[in-house]
Amino acid sequence: VQLQASGGGLVQAGGSLRLSCTASGRSFVYDAIGWFRQAPAKEREFLAAISWTADSTYYADSVKGRFTISRDNAKNTVYLQMNTLKPEDTAVYYCAASVRLSGRSSDMAYWGKGTLVTVSS
């Protein structure tokens, strides 16, 4: 499966963006999907994950209450709604697929190409 993150861009602090993660090659309907980000000179950071049935979600404390993960398996797409964005949210955002719901990079079997989010102050 190939994953592609999209929806990034430039937004002012306090604004919102919705990222999408779409799959090609095969359906990822049976995969849990996670969102991660990596800012310049920083390690990759877990943000949120969702089970394939969408009945379980898992968030990092740094984004809990501001970011919401959801999925539409009919469209083979997972979303990350990001609200109240801050300059420190500036990073390249990636989606990844895993067999089980997880926030660990090492559990991810497939990674998508990232999308850049820039939050201006």
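## Disulfide

In this predicted model, C21 and C95 form a disulfide, with their sulfur atoms 2.1 Å apart. That separation of 2.1 Å falls within the 2.5 Å cut-off for a disulfide. A search of the whole structure finds one such bond. C21 lies in strand β3 and C95 in strand β9 (residues 91-98), so the pair ties together parts that are 74 residues apart in sequence.

The torsion about the S-S bond is about 75°, so the disulfide of C21 and C95 is right-handed. Are the two cysteines buried or exposed? Both C21 and C95 are buried.

## Strands β1 and β3

Strand β3, which holds C21, spans residues 17-24 and pairs with β1. The two strands run antiparallel, joined by five bridges. One bridge partnership links Q2 to S24 of β3.

Strand β1 covers residues 2-6, and its side chains alternate. L3 and A5 point to one face and are buried. Q2, Q4 and S6 point to the other face and are not buried. In a regular strand, side chains alternate between the two faces of the sheet.

## T77 in strand β8

T77 belongs to strand β8, which runs over residues 77-82. Its relative accessible area is 6%. Buried means under 20%, so T77 counts as buried.

What does the side chain of T77 reach? The side chain of T77 reaches the backbone oxygen of K75, at 2.8 Å. That distance of 2.8 Å is within the 3.5 Å limit for a polar contact.

Key: Residues numbered from 1 in each chain as written. Predicted model: local features only at pLDDT ≥ 70, side-chain atom pairs only at ≥ 80, totals over all residues. Heavy atoms only, no water. Buried < 20%, exposed > 50% of the residue type's maximum accessible area, 1.4 Å probe, protein only. Helix = DSSP H or I, 4+ residues; strand = E, 2+ residues; numbered from the N terminus. Pairing = 2+ DSSP bridges. Polar contact = N/O pair within 3.5 Å; in protein donor to acceptor, adjacent residues only side chain to side chain.
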